[in-house]
Structures are given as C-alpha cells and as structure tokens.
Amino acid sequence: GTAMGIYSSAQFIGAFLGGILGGVIYSFGDISWIFWSAGLISAGWLIMMLPMQAPKHYSSRIVPLNEVTAETADEFVERLNAIKGVVEIVIVLEERIAYVKYLADDVDLHELEACLIYA
C-alpha cells in the first residue's frame, strides 16, 4: 500500500510540476522551446538510467515444518543456505512454518524442493 501511495503521489506531483515548468518555459519562448527542453530532460534521464541494473526477481515460499524442531532448525537452515540462490530463511517454530526467499532465476528448484520435502 505504501509503495502504491508513493507511486501515485509522484505521478501526480510530476504532472503538476510538468505543467508549471512547461508554462514557465513557454513564457520565455515558443512551443519549440518546450519540445527541446523535454528532449534535453529525457536525454539527461537516459544518461542517468544507463548504469542502473534491473531489479532481481525474488520469489518466496511458505513451508510447513512437520519434522523440524528447535534442535534441528539450525541444521535445516544450513541445508537451505547451501542451495545456490536462497537469500533468506525465517523460521517461526511457534507456527510450525518457515519463510524461504530465493532468487527465482538462480535457484535449482529441484534441489530446493528436495530439501523442503523433509521439513
């Protein structure tokens, strides 16, 4: 909800400021000034965007813990952490579940499933 609120607010603030900036630019010249200003701003944004990396695609799974106890939880976490692509494991023993976050593109799902079967 917070992310959607920030996104919507930024969208409307951008439309508001864009209209004001367009009016100010138009007051100093003609319509071609607005076109060239928008092109210049877009080129600047493109230059800033070039070094950016695409965000990683994380997936998560909620795993029921049938066999894992307080004594074996650390061993279970170590087995999961040994799998390439697993990022985070949170165990909630009171609820008998574990939350496993992993990189969807990097993890071997067969290895992960094999480890989760014995939870």
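In these legends an axis is a line fitted to C-alpha atoms, for a helix over the stretch in contact, and angles run from 0 to 180 degrees between N-to-C directions. The structure shown is a predicted model.

**Figure 1. Helix 3 against the sheet.** Helix 3 lies across strand 2 and strand 3. With respect to strand 2, helix 3 runs at about 160°. The helix spans residues 73-81, and its buried residues are Ala73, Phe76 and Leu80. Seen down the axis of helix 3, these buried residues fall within an arc of 60°, so they line one face of the helix. An α-helix has 3.6 residues a turn, so residues three or four places apart point the same way. Asp74 and Glu78, on the other side of helix 3, are exposed. The cover over the buried residues of helix 3 includes strand 2 (86-92), strand 3 (97-103) and helix 4 (109-117).

**Figure 2. The open sheet and its edges.** Three strands, in the order 1-3-2, make up an open sheet with antiparallel pairing. Strand 1 (58-64) and strand 2 stand at the edges and have a single partner strand each, so one side of each is left without a neighbour in the sheet. From one strand to the next, the twist averages 15°.

**Figure 3. Pairing of strand 1 with strand 3.** Seven bridges join strand 1 and strand 3, which pair in the antiparallel sense. Among the bridge partners is Ile97 in strand 3, which is matched with Pro64. Lys101 lies over the face of Tyr58, and its distance from the ring centre is 4.9 Å.

**Figure 4. The surroundings of Val100 in strand 3.** Val100 lies in strand 3. Its relative accessible area is 1%; because the limit for a buried residue is under 20%, Val100 counts as buried. Along the chain, Val100 and Ile62 are 38 residues apart, yet their C-alpha atoms are separated by 6.4 Å. Not counting residues up to four places away in sequence, Val100 touches Ser59, Ser60, Arg61 and Val63, and also Leu80, Val86, Glu88, Leu112 and Leu116. One of these contacts, Leu80, is among the buried residues of helix 3.

**Figure 5. Ser59 in strand 1.** Ser59 lies in strand 1. Ser59 has a relative accessible area of 19% and is buried. When neighbours within four places in sequence are left aside, Ser59 is in contact with Val100, Lys101, Tyr102 and Ala104.

**Figure 6. The backbone at Arg96.** Arg96 is found in the loop between strand 2 and strand 3. Most residues other than glycine have a negative phi. Arg96 is not a glycine, although its phi is positive, at about 60°. With a relative accessibility of 32%, Arg96 counts as partly exposed.

**Figure 7. An aromatic pair.** One aromatic pair is found in a search of the whole structure. The ring centres of Phe35 and Trp36 are 5.3 Å apart and the ring planes stand at 80°, so the pair is edge-to-face. Phe35 and Trp36 are both exposed.

Definitions and conventions: Residues are numbered from 1 along each chain as its sequence is written. This is a predicted model: local features need pLDDT of at least 70, side-chain atom pairs count only at pLDDT 80 or more; totals for chains, interfaces and linings use all residues. Side-chain values use heavy atoms; hydrogens and water are left out. Buried means under 20% relative accessible area, exposed over 50%, partly exposed in between (1.4 Å probe, protein chains only). Helices (H or I, at least four residues) and strands (E, at least two) are DSSP runs, numbered from the N terminus. The arc is that of the directions from the helix axis to the C-beta atoms. Contact means heavy atoms within 4.5 Å. Two strands pair if DSSP finds at least two bridges between them. Rings of Phe, Tyr and Trp (its six-membered ring) pair if their centres lie within 6.5 Å; planes under 30 degrees apart count as stacked, over 60 as edge-to-face and the rest as tilted. A charge sits over a ring if NZ of Lys or CZ of Arg is within 6 Å of the ring centre and within 35 degrees of the ring normal.
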